[in-house]
Amino acid sequence: MLILVCCFILGILFQDYFSFKQNFILTVAVFCFFIAISTFIKSFFISKFNSILLGLFFFGLGICLHYLNFPNASQISFKSNENIVFKISKKLNSTEKNKKYEAIVKIGKETFNAIVLIPKESKELDFEHYYKAKAYVSQPQSSQYDFQFDYAKYLHRKNIFYQCYINDEVSSVIRNDLSFGEKISQKRLEVLKEINHSEMSPKSQEFLKGIILADRTEIDSETLQDFNRSGLVHFLAISGTHVVVIFGMLYFVLMKILPLRFRKSVIILSLAFIWFFALFIGFGSSVIRSCIMLTVYFVYVLVQRKPDLVHSLALSAFIILMIDTQQFFDVGFQLSFLAVFGIFWLNQPILKYLPKQDNYFKKIIFNTVSISISAQLATLPLVLYYFHQFSFISIVANFFIVPFSEVIIIFSFLVTGLMALGLDFGIINSGYNFIIDLLLKIIHWFADFESLFFENISMNFVEVAILFIVIYLLRFVIVKFNAKRFAQFSLAILFFFILRISFTIYENQKEEILVHQYRKSNVVSVKKGNVVCFWIQHWDDEKKIRQYIINPYVSSRRVKNFKIKQLPALSEKVVFNNQVYNLK
């Protein structure tokens, strides 16, 4: 099943890269149809190639489904400033100046998906109203250079092609056509408001909203940076750990209440509850993956078949991608599946090298260590590729924090449940506030180990592929160490470093001068060898320019050293290493 899903994913990537048109897709569909028909023909010749034909079928299926799932921009004629009517479909992370929402917008007779931005001081929007306002409507621009995050492409994959900026007053009218999903989303919004009105500190409120309700839209940048630098950002994201803990909590309670003969009913009720929980928090890819895996696992148990983790993982990926092939390009989707596969691939071999787990306490501690190392090793190539940073303190931080994660998740779930029911117990809230404030201080302490945090790590797709081969071979070295396996593993590492040095030498031979757009000002960069100088117009923007321009450029071009200088607004030339560069 895992091999077939990999073939399916290759088909998605093939179509995404080449963007084949309708005639080619029809040919592939006919080819897949004949392969499907051939499975009913009893022939020795066909049965010999059954595995290859199945792989080709799933490859073709991936091509066809991705073609059908690829959104096309609807051409809408509108003025820059338009009166729009809209309803929100999702709350997004706020920026420094604006609150952001995904919304269904109507201009005249045209209806389309868009990002709606309103001033941060404006009243929170909800699902119970239609809204009307005057907005500046524009299409998001693609990234200026290859090293920058392409926000326009990211939105296109979500079938969003427009942004609406609202600065005027927003009028509203009550809706009487809420769907069941929108009623659930509105209830979630009300629970979020209840948390905001509690007596907890703002940081504890945002932590509670993130860890249980998957709402990180208002979390402050300092806290988020602490989680990133300590390698504990997965703790904030709703993942398999959360789903398993909530399932286990409900299963434990129901088994204590009901007789043993109702065990199957308890499993079904617990599964139904985690699916309702997934609906309530918005069906994130990691939550769906966890719910499907857990459901498949317990279906095996209910029908008295031996559970299989890899088949459960593959089946959950296949179901998600069948519904929406664009989900594969979501970084969270890729990391969550890789983490689970890494645990399957490396956990038991690593566990064998740790001290014997002869009691419950040792089992918890050493399993936490092995699972954490396995998941981090499996996701390391993609983390370096997407985020270009890594912290060695994350191994220690996970060792200390993860063992307490179950208790924190259960406590957070109970506090949220009480607030959802309108029950506000000051003592419980104060206790939760104290624990989370202490937890955040510990995480901040881990994040302050600057010497163990590395950023601007360059990594391209070829290097990522070789690193995955290294991790694949690592299992065989750990399971049974011998000269042949160690030699294969060492050669893969050596090949990785040879490639890495070659790519660095190639980049360091280039010289280039670029003019970057940041808001209404320009940032000029001049690169010579492995040194680059940036000229910026306003020092107030330095922090954001580092985040969005300098750091991505440095990691992409494999630059070792960079300087930042001020550029006067009317400059026509810059001088770098005694060489003059014209800007006009």
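## Cavities, one pocket and helix packing

By residue class, the lining of the largest cavity comprises six nonpolar residues, one polar residue and one charged residue. The model in which this cavity is found is a predicted one, and every value below is computed from its atoms. The residues in question are Val415, Leu418, Met419, Leu423, Asp424, Phe425, Ile428 and Asn429, and the space that they line has a volume of about 40 Å³. Two helices, H17 (405-420) and H18 (426-447), each contribute at least two residues to this lining, with H17 giving the most, namely three residues.

Rolling a probe the size of a water molecule over the atoms shows where empty space is left. With a threshold of 30 Å³ or more, the structure holds two cavities. The second largest of them contains about 30 Å³ of space and is lined by Ile35, Ser38, Thr39, Asn50, Leu53 and Leu54. Its lining divides into three nonpolar and three polar residues, with no charged residue. Here the helices that each supply at least two lining residues are H2 (22-38) and H4 (50-69), and H4 gives the most, with three residues.

### The second largest pocket

The second largest pocket has a volume of about 440 Å³. Its lining is made of 18 residues, and those that lie nearest its centre are Leu380, Leu384, Leu467, Phe496 and Phe497. Three helices give two or more residues to this lining: H15 (360-387), H19 (461-479) and H20 (483-508). The largest share, five residues, comes from H20. In terms of class, the pocket lining has 17 nonpolar residues, one charged residue and no polar residue.

### Helix pairs

Two packed helices are described by the angle between their axes and the distance between the axes. The table sets out these values for three pairs, together with the handedness of each crossing.

| Helix pair | Angle between axes | Distance between axes | Crossing |
|---|---|---|---|
| H8 and H18 | about 60 degrees | 8 Å | left-handed |
| H1 and H4 | roughly 40 degrees | within 7 Å | right-handed |
| H19 and H20 | roughly 165 degrees | within 9 Å | left-handed |

Helix H19 and helix H20, which both give residues to the lining of the second largest pocket, also pack against each other, and their axes cross at roughly 165 degrees. Because an angle over 145 degrees counts as roughly antiparallel, H19 and H20 are described as roughly antiparallel to each other. On the H19 side, the residues that meet H20 are Val462, Glu463, Ile466, Leu467, Val470, Leu473, Leu474, Phe476 and Val477. On the H20 side, the partners are Arg485, Phe486, Gln488, Phe489, Ala492, Ile493, Phe495, Phe496, Leu499, Arg500 and Phe503. This contact contains 16 nonpolar residues, one polar residue and three charged residues. Leu467 and Phe496 thus appear both in this contact and among the residues nearest the centre of the pocket.

Helix H1 (residues 2-18) packs on H4, with the two axes coming within 7 Å at a crossing angle of roughly 40 degrees, and H1 and H4 are therefore oblique to each other. The contact residues of H1 are Leu4, Cys7, Phe8, Leu10, Gly11, Ile12, Phe14, Gln15 and Asp16. They are matched in H4 by Leu54, Gly55, Phe58, Phe59, Leu61, Gly62, Ile63, Leu65, His66 and Tyr67. The classes represented are 13 nonpolar, five polar and one charged. Leu54 has two roles in this description, since Leu54 belongs to the contact of H4 with H1 and also lines the second largest cavity.

Helix H18, already met at the largest cavity, packs with helix H8 (residues 221-229) at an angle of about 60 degrees, the axes being 8 Å apart. H8 and H18 are therefore oblique to each other. In this pair, Glu222, Thr223, Asp226, Phe227 and Arg229 of H8 make contact with Leu440, Ile443, His444 and Ala447 of H18. The residues of this contact comprise four nonpolar, two polar and three charged.

Conventions:
Residues numbered from 1 in each chain as written. Predicted model: local features only at pLDDT ≥ 70, side-chain atom pairs only at ≥ 80, totals over all residues. Heavy atoms only, no water. 1 Å grid on protein atoms, 1.4 Å probe; cavity = no way out; pocket = protein on both sides within 12 Å on 5 of 7 lines; lining within 4 Å. Points joined across faces, edges and corners; volume = space filled by probe spheres on them. Helix = DSSP H or I, 4+ residues; strand = E, 2+ residues; numbered from the N terminus. Nonpolar A, V, L, I, M, F, W, Y, C, P; charged D, E, K, R; others polar. Axes fitted to C-alpha atoms, helices over the stretch in contact; angles between N-to-C directions. Parallel < 35°, antiparallel > 145°, perpendicular 65-115°, else oblique. Left-handed = near helix turned anticlockwise from the far one by under 90°. Contact = heavy atoms within 4.5 Å.
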